[in-house]
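Grab a pencil and work through a few short exercises on the structure below. Try each task before you read its solution.

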Amino acid sequence: MSEAVAVHGVAEANDTPLTPESWGKLGMWLFLAGDAMSFGCLIVGYGILRHASTKWPVPAQVLGINLTAFMTFLLIVSSVWMVLALAAIQDGNKAKFNKFLGLTILGGAMFLGCQAYEWTHLLQHRLPELNIFFSTNLFATTFFVLTGFHGLHVTGGVIYNTCVLAAVNRGRYQAKHVEIAGLYWHFVDLVWILIFTFVYLI
Amino acid sequence: MSSTAHAQNNYIKIFIILSVLTVVEVSITFLGLPKMLLVSLLVIFAVWKAALVALHFMHLKFEKKTLTIVALAPFVLCVFLVLMLMPDIFPH
């Protein structure tokens with residue numbers, strides 16, 4: 001990064017749309033834009049099905065939002081740890097970086113644990129009580145597809161971040177790689193903010 | 001990047017705003033507001049939070065315009081998606 005700045009100058013690197021040092025970031029943004037379309041289609045589809053349905057349960061009453069509000073908080077905190085990890089490695093502080101990226105991964109893993117608990121509880125107790133079955137009920141189908149697709153992204157993010165942590169410690173990855181991994185992780189957080197609102201609160 | 005200390009303070013500030021917005025979002029669902037008002041408020045808060053994450057955590061505010069254009073493309077396409085599905089949403 002410092003070599004690139006020395007060659008191009010900081011101002012120029014910010015003005016030029018495409019420079020070799022920004023290709024990785026651009027690639028991740030293009031991927032995220034495509035991924036956002038997948039989520040966009042699912043959310044729009046969910047909205048249309050819900051709008052067209054004559055009876056739709058109040059989500060908060062079926063799902064409960066205490067645990068999910070905590071999960072939202074977990075992902076936001078995890079995102080903050082990620083930016084702190086990036087700031088640490090940009091300062092060259094390896095120990096601090098390890099701590100914060102470790103915490104980021106832990107936050108993601110805890111989120112997945114909460115989601116596994118939530119799904120188990122819903123499938124085994126809550127939904128059967130209400131006579132809602134995910135194979136025949138649109139509310140349940142859209143819920144599991146949306147949160148499941150997001151959960152897969154979190155799983156991918158936890159694995160990705162773990163690989164980044166290992167690669168940095170083996171000296172193969174630098175700050176710019178961490179920044180790209182961070183983009184993915186914040187995107188997962190951003191999508192959850194939308195899902196939490198659209199699927200649980202509205 | 002040169003002012004990391006300043007950026008870190010900013011991160012904590014954004015974190016606090018995001019947490020407060022989440023608490024507000026959850027709280028207003030218990031107020032028994034009219035449906036339309038509640039939905040509008042929740043959408044505004046959600047988009048506000050998403051924008052904060054994109055602008056500050058994903059550094060869009062400090063990046064080249066190209067990346068902002070890439071990031072906005074899916075939202076434009078989703079609007080088109082909704083428009084094209086209008087006949088299904090409001091049949092006759």
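What follows is a set of four exercises on a predicted model.

**Exercise 1. How far to trust chain A**

Find which element of chain A has the lowest mean pLDDT and which has the highest.

*Solution.* Start with the whole chain: the mean pLDDT of chain A is 88, with 90% of its residues at 70 or more. Now go element by element. Helix α1(A), residues 2-8, comes out lowest with a mean of 46, while α7(A) comes out highest with 95. Then check the start of the chain, where pLDDT stays below 50 over residues 1-15 of chain A. That stretch still makes 13 contacts in the model beyond near neighbours in sequence. Keep a rule of thumb in mind: where pLDDT is low, don't read the predicted coordinates in detail.

**Exercise 2. A walk along α6(A)**

Work out how the span of α6(A) compares with the expected one, where the helix kinks, and what its buried residues pack against.

*Solution.* First, the span. Helix α6(A) covers residues 94-129, 36 in total, and reaches 51 Å from first C-alpha to last, close to the expected 52 Å. Next, look for a bend: there's a kink of about 50°, centred on Leu122(A). Leu122(A) is also one of the helix's buried residues, a list that includes Phe97(A), Phe100(A), Leu101(A), Thr104(A), Ile105(A), Gly107(A), Gly108(A) and Phe111(A). Part of that pattern is what you'd look for in a helix, because residues three or four places apart point the same way. Now find the partners: the buried residues of α6(A) pack against α5 (66-90), α7 (138-169) and α8 (175-201) of chain A. Finally, step just past the helix, where Asn131(A) takes a positive phi of about 60°.

**Exercise 3. The same check on α7(A)**

Compare the reach of α7(A) with the expected value, then see which residue just after the helix has a positive phi.

*Solution.* Count 32 residues in α7(A); the helix reaches 46 Å, close to the 46 Å expected at 1.5 Å a residue. Just after α7(A), Gly171(A) has a positive phi of about 80°.

**Exercise 4. Chain B and its partner**

Describe the make-up of chain B and the side of it that touches chain A.

*Solution.* Begin with the elements: chain B has four helices and zero strands. Of its 92 residues, 20% count as buried. Then turn to the interface, where 35 residues of chain B are in contact with 35 residues of chain A. Helices α1 (4-28), α2 (35-57), α3 (65-84) and α4 (86-89) of chain B each give two or more residues to that side. Last, sort by class: 25 nonpolar, six polar and four charged.

Definitions and conventions:
Residues are numbered from 1 along each chain as its sequence is written. Chains are lettered from A and ligands numbered from 1 in the order in which they are written. This is a predicted model: local features need pLDDT of at least 70, side-chain atom pairs count only at pLDDT 80 or more; totals for chains, interfaces and linings use all residues. Two residues are in contact if their C-beta atoms, placed from the backbone, lie within 7 Å. Ala, Val, Leu, Ile, Met, Phe, Trp, Tyr, Cys and Pro count as nonpolar, Asp, Glu, Lys and Arg as charged, and the others, Gly among them, as polar. The expected span of a helix is 1.5 Å times one less than its number of residues. The bend at a residue is the angle between axes fitted to the seven residues ending there and the seven starting there. A residue is buried if 20 or more other C-beta atoms lie within 10 Å of its own, exposed if 12 or fewer, and partly exposed in between; C-beta atoms are placed from the backbone. pLDDT is the predictor's confidence in each residue, from 0 to 100.
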